[in-house]
Amino acid sequence: MSTSRTDTPTAHPLTGLGWNPRVEHAFDSLSHASGHALYPARVSSSRRGGALVRLPGEAHADYAPALTRAAREDPSTAPCAGDWVAVRRSGDTWLVEAVLERSTSLVRQGVAKDSHDQVLAANVDAVLVCEAADQGPNVGRLERFLSLAWACGATPVVAVTKSELAGDRLPEVLELVRTVAAGADVYGVSAHTGDGLAELAPRFLPGTSWVLLGTSGAGKSSLVNSLAGQSLMDTGEIRQDKRGRHTTTHRQLLELPGGALVLDIPGVRRIDVPGDPEGVDRTFADVGELAGRCRFRDCSHGSEPGCAITAAVDEGELDSERLARWNRLRREAEWNSARGDQRVRAERKQRWKAAEREARANARLKRGR
Ligand SMILES: Nc1nc2c(ncn2[C@@H]2O[C@H](COP(=O)(O)OP(=O)(O)OP(=O)(O)O)[C@@H](O)[C@H]2O)c(=O)[nH]1
Ligand SMILES: [Mg+2]
Ligand SMILES: [Zn+2]
């Protein structure tokens with residue numbers, strides 16, 4: 001019996017970079033509508049005005065003028081590590097023509113009134129929240145990072161890093177983190193001793209994309225290196241000098257030998273939860289479940305009769321501090337949602353004004369003035 005070579009389906013050349021039917025569809029629609037010959041590529045890192053893209057070989061690509069203009073108006077539309085883009089040849093160089101729609105994007109919201117959102121990671125399936133075992137852990141920060149991960153549509157997983165530094169306290173630390181991160185799997189890992197890596201590593205399935213989220217010095221890059229089995233990223237002590245504290249200074253997409261893709265990004269100290277209550281609700285599913293048992297649907301969990309939340313606090317089943325953090329993050333999400341709507345309205349108004357100005361100018365031209 002002979003087997004013909006055509007019987008074996010050949011994988012798409014970008015499969016190793018996470019290429020999937022969704023991306024293929026997005027690319028095909030764009031490519032059909034374009035007058036240029038376009039090629040798909042994935043951004044491994046980006047700088048102002050240009051990016052390193054994988055096609056699957058690596059090349060530098062400048063941004064096409066329309067993309068540059070759009071990015072100037074709203075930086076969150078600029079290519080980010082993890083993005084799928086459509087590129088075309090222009091003489092000897094490549095041009096990024098468009099960014100394909102993102103399946104997920106981990107966004108840091110602009111804090112100032114007129115500031116824009118910053119995309120920390122694009123098209124990730126999972127967020128590995130890294131929290132060092134020797135520094136707390138900081139449960140409020142964990143809840144914040146988890147809310148952000150859930151809200152962006154990715155699955156959060158928690159790595160309690162530097163586990164060997166916790167010594168005998170490790171089980172206690174892991175127990176605390178597991179209570180706070182009830183809906184996520186939690187792993188204690190050490191990049192220095194290799195403890196826990198064998199349990200975490202199988203989570204990185206081939207073709208899945210991950211981002212590591214944690215403060216500077218949490219051990220993200222060290223963990224990436226351990227998972228990769230080689231030194232892909234620089235690691236370092238937390239610096240307090242004028243060059244800043246971060247060892248990793250730009251976002252970088254890397255391939256693990258097992259076929260998963262990881263985005264190593266600079267440490268994030270504090271981040272607002274996005275204006276989408278879903279992320280907070282999932283992080284605090286235990287509190288939400290209690291709220292569902294209150295007698296009144298619009299219970300404010302204050303002094304109403306039949307409040308399941310105050311009862312749980314009184315009985316010591318719910319930590320009052322966790323309740324306070326739930327309230328705080330929910331308020332923040334609501335506030336950010338209102339603010340987002342406000343900004344959309346302001347931007348719309350700006351576009352209208354610009355269109356009006358242009359119409360008036362055209363009318364003047366026509367009248368010959
Ligand atoms: N004891 C111990 N130290 C670790 C471990 N992992 C990382 N470190 C140390 O922690 C420091 C910070 O590690 P990095 O991997 O650079 O941290 P990072 O999270 O990538 O930091 P940024 O790039 O600044 O965001 C380095 O000095 C590492 O050697 C660990 O498992 N155990
Ligand atoms: Mg780093
Ligand atoms: Zn209640």
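A polar contact is a pair of N or O atoms within 3.5 Å; within protein, one must be able to donate a hydrogen and the other to accept it. With that in hand, here are some close-up views of this predicted model.

**View 1. The start of helix α1, with N20 at its edge.** A side-chain oxygen of N20 comes to within 3.0 Å of the backbone nitrogen of R22, at the beginning of α1. The helix itself covers residues 21-33, which makes 13 residues. From first C-alpha to last, α1 reaches 18 Å, close to the 18 Å expected at 1.5 Å a residue.

**View 2. W19 and W84, an aromatic pair.** The chain has four aromatic pairs. In the one formed by W19 and W84, the ring centres are 5.4 Å apart and the planes meet at 70°, an edge-to-face arrangement. This pair ties together distant parts of the chain: W19 belongs to the segment before α1, W84 belongs to strand β4 (residues 84-90), and 65 residues separate them. Are these two tryptophans buried or exposed? Both W19 and W84 are buried. Bring F27 into the frame as well, since W19, F27 and W84 form one aromatic cluster.

**View 3. Two arginines over tryptophan rings.** Here you can look at R89 and W94: the charged end of R89 sits over the ring of W94, 4.5 Å from its centre. A second example is R282, which lies over the face of W150 at 4.1 Å from the ring centre.

**View 4. K220 in the annotated stretch from G214 to S222.** An unreviewed UniProt entry places the feature "binding site" at G214, T215, S216, G217, A218, G219, K220, S221 and S222. K220 is in helix α6 (residues 220-228). With a relative accessible area of 5%, K220 falls under the 20% cut-off and therefore counts as buried. The K220 side chain reaches the backbone oxygen of G214 at 3.4 Å. Leaving aside neighbours within four places in sequence, K220 is in contact with C130, L212, L213, G214, T215, D264, I265, P266 and G267.

**View 5. Helix α6 and what covers it.** How many of the nine residues of α6 are buried? Seven are, and the helix is mostly covered. The buried residues are K220, S221, L223, V224, N225, L227 and A228. Their cover includes β8 (126-132), β9 (155-161), α5 (197-200), β11 (209-213), β12 (252-255) and β13 (261-264). S222, also in α6, counts as partly exposed because its relative accessibility is 22%, between the 20% and 50% cut-offs. Beyond its neighbours within four places in sequence, S222 is in contact with A191 and T235. Just after the helix, G229 takes a positive phi of about 75°.

**View 6. C299 and H301 in the loop between α8 and α9.** The annotation "binding site", from an unreviewed UniProt entry, covers C294, C299, H301 and C307. C299 is found in the loop between α8 (285-291) and α9 (308-314), and H301 lies in the loop between these two helices as well. C299 has 10% relative accessibility, so C299 counts as buried. H301, at 18%, counts as buried too. Not counting residues up to four places away in sequence, C299 touches C294, E304 and C307. With its neighbours within four places likewise set aside, H301 is in contact with A291, C294, C307, I309, T310 and W326.

**View 7. Backbone geometry worth a look at L55, N123 and H301.** Most residues other than glycine have a negative phi, and most peptide bonds are trans. In this model, a cis peptide bond joins L55 and P56, with omega at about 15°. P56 is found in the loop between β2 (50-54) and β3 (58-63). N123 is not a glycine, yet has a positive phi of about 55°. The place of N123 is the loop between β7 (118-122) and β8, and N123 is buried, with a relative accessible area of 5%. H301 also has a positive phi, near 55°.

**View 8. The whole chain, for orientation.** Ten helices and 13 strands make up the secondary structure of the chain. Of the 369 residues, 43% are buried. Among contacts with a separation of 6 or more, 64% are between residues 24 or more positions apart.

Definitions and conventions. Residues are numbered from 1 along each chain as its sequence is written. Chains are lettered from A and ligands numbered from 1 in the order in which they are written. This is a predicted model: local features need pLDDT of at least 70, side-chain atom pairs count only at pLDDT 80 or more; totals for chains, interfaces and linings use all residues. Side-chain values use heavy atoms; hydrogens and water are left out. UniProt positions are given in the numbering used here, feature names are shortened, and annotations may be inferred rather than shown by experiment. Helices (H or I, at least four residues) and strands (E, at least two) are DSSP runs, numbered from the N terminus. Buried means under 20% relative accessible area, exposed over 50%, partly exposed in between (1.4 Å probe, protein chains only). Contact means heavy atoms within 4.5 Å. The expected span of a helix is 1.5 Å times one less than its number of residues. Rings of Phe, Tyr and Trp (its six-membered ring) pair if their centres lie within 6.5 Å; planes under 30 degrees apart count as stacked, over 60 as edge-to-face and the rest as tilted. A charge sits over a ring if NZ of Lys or CZ of Arg is within 6 Å of the ring centre and within 35 degrees of the ring normal.
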